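Here are my notes on the model, set out as numbered points. Please read them with the structure open.

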Amino acid sequence: MKVLAGVLSSLLLRFLLTSIPGALGTNPGLVVRITDKGLEYVAREGLVALQKKLLSITLPDFAGDFKIKPIGRGHYDFHSLSVHSCELGGSALTPLPSQGLSLTISDSFIRVQGEWKARKAFVKLQGSFDVQVKGITISVNLVLGREPSGRPTVAASSCSSHIQDVEVDISGDLGWLMNLFHNQIESKFCRVLESKICEMLQKSVTSDLQPYLQTLPVTTQIDSFAGIDYSLVEAPRVTAQMLDVMFKGEIFNRDHYSPVTFLAPVMSLPEEHSRMVYFAVSDYVFNTASLVYHETGYLNFTITDDMVPPGSNIRLTTKSFRPLVPKLARLYPNMNLELQGAMASAPFLNFSPGNLSLAPLMEIEAFVLLPSSIREPVFQLSVATNISATLTFNTSKITGFLKPGKVRVELKESKVGVFNVELLEALLNYGILHTLYPKVNEKLADGFPLPLLKDTQLYDPVLEIHKDFLFLGTNLQYLRA
């Protein structure tokens with residue numbers, strides 16, 4: 001009955017965790033904040049891409065009939081129009097609270113070149129022309145959202161462009177033809193160009209910007225055991241000064257998913273604006289990692305006699321243990337011992353201002369290695385220690401290092417009588433230092449990747465430890481192909 005009750009409780013808990021809207025996981029494990037400085041940089045990089053796109057705009061021919069004194073009636077044709085050059089002036093990417101972003105480009109210039117033909121009866125004239133379009137202002141609103149899969153989305157909700165001035169240079173210095181352009185073609189040309197600019201922008205958002213946002217990983221492999229879930233928990237939040245993107249930030253077992261039974265903390269981010277981007281990485285990210293590595297047995301360790309330094313006063317043999325545990329030596333003369341260690345539970349990383357620490361509780365079981373190769377359990381120890389941790393950052397990953405503390409040992413169970421376990425502390429300190437710590441520190445040195453878009457790199461980092469989260473400020477660089 002007890003087993004049945006336990007199974008039912010487990011099933012009920014799983015159902016509640018996965019079915020209640022907003023249950024566990026509502027808070028993001030990781031928040032990326034883009035400041036006004038970051039938005040300025042994005043706007044500048046966006047100009048470079050848009051300038052290339054504007055050069056590819058295709059413009060229609062303009063043809064029609066004219067009636068000009070004293071020339072009379074005729075037919076004109078302005079054709080083969082192409083954008084020869086363009087310069088986009090100032091740009092601003094500003095937040096639209098609760099909606100998205102507004103991109104404004106001002107004081108821009110486009111130069112269009114083409115050919116002209118004019119015909120009256122049997123008289124034909126032709127040449128080239130050059131149009132300088134000045135004082136162009138472009139404005140587009142971008143709505144940010146989230147797909148069901150957790151990927152970010154962007155769409156252009158509105159676009160407008162305005163041309164302030166047009167200057168025309170026509171070969172042959174034909175005044176009547178210039179007047180014709182200004183009177184019959186200029187307004188239509190401006191409307192078409194304004195329309196083409198917005199058409200290009202909206203197409204670019206759909207075909208370039210949206211696919212680029214899709215390069216943001218939803219899940220990323222860390223190693224053969226673990227992956228990290230970087231799906232968005234909600235659409236990006238936009239305030240008057242910044243853009244916040246909330247990620248789940250949960251590290252999961254790649255072989256099978258188990259629901260996490262604790263919440264990510266609510267993070268109160270400092271009002272910092274000196275860097276382009278800030279990453280707030282909560283203890284939830286690190287502690288879900290601890291759950292995975294504990295579950296897979298990665299944190300288990302074994303200490304054998306061949307690991308003990310030659311000069312040690314105590315060895316992992318029953319003979320060496322005779323003064324400490326006489327009964328052990330009598331029952332198992334001249335045999336080797338083996339210590340197998342495991343975490344009593346997944347060790348959680350504690351964040352406090354300026355400090356990172358862990359207080360893992362380990363269970364170590366001692367076995368006698370019998371001649372038949374059977375391991376005979378003889379006693380169990382409970383081992384506690386305090387560990388300090390250091391986290392660092394490279395261009396794309398958070399890495400770490402553990403600094404060991406001294407162990408405190410307690411005899412939990414013994415089949416060979418009670419004995420003074422304090423004498424084992426030096427041996428255990430050495431054994432754990434040379435088995436568990438190197439393995440964990442190697443994994444921490446590999447680090448875990450931050451959610452970054454393709455071809456972006458972070459530099460000039462500032463890292464702070466706050467209550468419940470790591471706060472990393474950094475600048476951003478887009479690596480052009």
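1. Which residue in strand 14 does Ile 34 stand opposite? Ile 34 of strand 1 faces Val 277. Strand 1 covers residues 30–34 and strand 14 residues 277–282; the two run antiparallel and are joined by five bridges. Strands here are DSSP runs (E, at least two residues), and helices are DSSP runs too (H or I, at least four residues), both numbered from the N terminus. Two strands count as paired if DSSP finds at least two bridges between them.

2. On the basis of the numbers: this is a predicted model, in which local features need pLDDT of at least 70 and side-chain atom pairs count only at pLDDT 80 or more, while totals for chains, interfaces and linings use all residues. Residues are numbered from 1 along each chain as its sequence is written, and side-chain values use heavy atoms, with hydrogens and water left out.

3. Strand 1 has a second partner, treated here. Strand 12 (residues 243–247) pairs with strand 1 in the antiparallel sense over five bridges, and Val 31 stands opposite Met 246 there. Five of the five residues of strand 1 are buried (under 20% relative accessible area; exposed is over 50% and partly exposed lies in between, with a 1.4 Å probe and protein chains only). In a regular strand, side chains alternate between the two faces of the sheet. In strand 1, Leu 30, Val 32 and Ile 34 point one way, and Val 31 and Arg 33 point the other way. Arg 33 is buried along with the rest.

4. Now the cysteines. A disulfide is taken as a pair of cysteine sulfur atoms within 2.5 Å, and by this rule the count is one. The pair is Cys 159 and Cys 198, with sulfur atoms 2.2 Å apart. The angle about the S-S bond is -85°, which makes the link left-handed. Cys 159 lies in strand 7 (residues 152–162) and Cys 198 in helix 3 (residues 175–213), so the bond ties together parts that are 39 residues apart in sequence. Cys 159 is partly exposed, at 23% relative accessibility, whereas Cys 198 is buried at 10%.

5. Why is Cys 86 without a bond? The closest cysteine sulfur, in Cys 198, is 15 Å from that of Cys 86, which is too far. Cys 86 is buried, at 9% relative accessibility. Cys 190 is in no disulfide either: its nearest cysteine sulfur, again that of Cys 198, is 14 Å away. Cys 190 is buried, at 12%.

6. An open sheet of five strands has the order 15-16-19-20-23, with antiparallel pairing. Its edges are strand 15 (301–304) and strand 23 (407–414), each pairing on one side only. Within this sheet, strand 19 (residues 361–369) is joined to strand 20 (residues 375–385) by nine bridges, and Ala 366 stands opposite Phe 379. Helix 6 (residues 425–446) lies across the five strands, at about 130° to strand 15.

7. Last, a helix pair. The axes of helix 2 (residues 36–54) and helix 3 come within 11 Å and cross at roughly 120°. Axes are lines fitted to C-alpha atoms, for helices over the stretch in contact, and angles run from 0 to 180 degrees between N-to-C directions. Helix 2 is therefore oblique to helix 3 (under 35 degrees is roughly parallel, over 145 roughly antiparallel, 65 to 115 roughly perpendicular, and the rest oblique). Leu 50, Lys 53 and Leu 54 of helix 2 meet residues of helix 3 including Ile 197, Met 200 and Leu 201, where contact means heavy atoms within 4.5 Å.
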